[in-house]
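Welcome! Take a moment to turn the model around on your screen before reading on. The report below walks through its sheets, its helices and the surroundings of its ligand.

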Amino acid sequence: MKLSFKNIDKQFSDLPVIKGFDRDIGDGELVALVGPSGCGKSTLLHLVAGLEKPSAGTLLADGKPIKGAHPERMLMFQENALYPWLTLVQNVALALELQKQDKSSALRSARAWLGKVNLAGFEDYFPHQVSGGMRQRAALARAFITNPKALLLDEPFGALDALTRMTLQDVLRQLIRETTPTVLLVTHDVDEALFLADRILVFSARPATVLKEFTLSQQEKSHDLSAFASMRREILGLLGINTEVDNGPPRETAPPSVGTPAAGGVLTADRAESRAAPKFTEEALA
Ligand SMILES: Nc1ncnc2c1ncn2[C@@H]1O[C@H](COP(=O)(O)OP(=O)(O)OP(=O)(O)O)[C@@H](O)[C@H]1O
Ligand SMILES: [Mg+2]
């Protein structure tokens, strides 16, 4: 499904949230949206989902104005995506039942989809009986089972730890390869955007405007994102994250020997090391 945003503005009462958004998203393209909290990223997805209307401009899906919600444009939230009173297989089947498919064939398809996301054996568990990562796997199965033409993913893995998130990114990538929907992915994780996206749009603070657009090469990507280091640095810079090494204030005196408690806020070697460690860990995991 091709999505065309033509000079879209959105405001809520007096609050301008999106200003002059003007982009085409190609059929089967995956575009990641990153930007500061509250800038209007979810709002942009809600416009495509048909939950909100633009204040100005035109929004087209395959050339036709979006008039309301439709299952071919599927929105998936960060969490609480499953009904707690239904088992995983019932949750997934529900998406088909809402489209008037009969219950037994919906349940059969749901079992098959749970298998695809590696949840075979957990079909009859309730959401609270499985881990957060497993819940999001089930939510992915539910999002994909209806074969939507556009998938609107709002921080789908935001609540997961870094390792679980990466395995879920692999699952998502595999499902996208099989079903080729157009995807808009809102994420706060720049590495997730680099790993999954064909294109990344970096937004300003509200009202959201596109600060910069990055097109990623079609080459096969892995979780080793070292080839994208300079793009990563630039995106983080646009988001106001400092990527320079911070050595703290200049030293006025020679540093005390290793192990000596620091005086007056001067970093000792061992404190400097312990400060550097989380950065290494973050880079190793993220
Ligand atoms: N239905 C609504 N009615 C009134 N204001 C709204 C509505 N939806 C969003 N807003 C406001 O629009 C602004 C943008 O919200 P939005 O949820 O799109 O931000 P976001 O970029 O997704 O932020 P985050 O990264 O924190 O999820 C916020 O100030 C929010 O309060
Ligand atoms: Mg949001």
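Two strands are said to pair here if DSSP finds at least two bridges between them. Strand 6 and strand 7 meet that condition, because four bridges join them, and the two run parallel. Please keep in mind that this is a predicted model.

**The overall picture**

The protein contains eight helices and 10 strands. It has 286 residues, and 33% of them count as buried. Looking at contacts between residues at least 6 apart in sequence, 68% join residues at least 24 apart.

**The six-stranded sheet**

Six strands form an open sheet in the order 6-7-8-3-9-10, and the pairing is mixed. At its edges stand strand 6 (73-76) and strand 10 (210-215), each of which pairs on one side only. On average, neighbouring strands of this sheet are turned by 15° against each other, direction ignored.

Strand 7 is a good place to look more closely. Why can it be called largely enclosed by the rest of the structure? Five of its five residues are buried, so the rest of the structure largely encloses strand 7. In a regular strand, side chains alternate between the two faces of the sheet. Here, Ala-150, Leu-152 and Asp-154 point one way from strand 7, while Leu-151 and Leu-153 point the other way; all are buried.

On one side of this strand, Met-76 stands opposite Leu-153. Strand 7 is also joined to strand 8 by five bridges, and these two run parallel. Leu-151 has Val-183 in strand 8 as its bridge partner. To get from strand 7 to strand 8, the chain passes through helix 5 (residues 162-179), making a right-handed β-α-β crossover.

Elsewhere in the sheet, strand 9 (residues 199-203) pairs with strand 10 in the antiparallel sense over five bridges. Across this pairing, Arg-199 stands opposite Thr-215 in strand 10.

Two helices that lie across strands of this sheet are set side by side here:

| Helix | Strands it lies across | Angle |
|---|---|---|
| Helix 1 | strand 3, strand 6, strand 7, strand 8 and strand 9 | about 155° to strand 7 |
| Helix 7 (residues 229-238) | strand 3, strand 9 and strand 10 | about 165° to strand 10 |

**The four-stranded sheet**

There is also an open sheet of four strands, with the order 2-1-4-5 and antiparallel pairing. Strand 2 (15-25) and strand 5 (64-65) are at its edges with a single partner strand each, so one side of each has no neighbour in the sheet. Strand 1 (residues 3-12) and strand 4 (residues 56-61) run antiparallel and are joined by five bridges. One residue pair to find is Ser-4 and its bridge partner in strand 4, Leu-60.

**Around the ligand**

Which residues surround ligand 1? They are Phe-12, Val-17, Ser-37, Gly-38, Cys-39, Gly-40, Lys-41, Ser-42, Thr-43 and Arg-206. By class, this shell has three nonpolar, five polar and two charged residues. Its largest share, three residues, comes from helix 1 (residues 41-49), the helix that also lies across strand 7.

**One more residue to visit**

Finally, find Gln-90, which sits in helix 2 (residues 88-97). Is Gln-90 buried, exposed or partly exposed? It has 19 other C-beta atoms within 10 Å, and a residue needs 20 or more to count as buried, so Gln-90 is partly exposed. Between Gln-90 and Ala-106 there are 8.8 Å in space, C-alpha to C-alpha, and the two are 16 residues apart in sequence.

Note on methods: Residues are numbered from 1 along each chain as its sequence is written. Chains are lettered from A and ligands numbered from 1 in the order in which they are written. This is a predicted model: local features need pLDDT of at least 70, side-chain atom pairs count only at pLDDT 80 or more; totals for chains, interfaces and linings use all residues. A residue is near a molecule or strand if its C-beta atom, placed from the backbone, lies within 6 Å of it. Ala, Val, Leu, Ile, Met, Phe, Trp, Tyr, Cys and Pro count as nonpolar, Asp, Glu, Lys and Arg as charged, and the others, Gly among them, as polar. Axes are lines fitted to C-alpha atoms, for helices over the stretch in contact, and angles run from 0 to 180 degrees between N-to-C directions. Two residues are in contact if their C-beta atoms, placed from the backbone, lie within 7 Å. A residue is buried if 20 or more other C-beta atoms lie within 10 Å of its own, exposed if 12 or fewer, and partly exposed in between; C-beta atoms are placed from the backbone. A crossover is right-handed if, with the strands pointing away from the viewer, the path from the first strand over the helix to the second runs clockwise.
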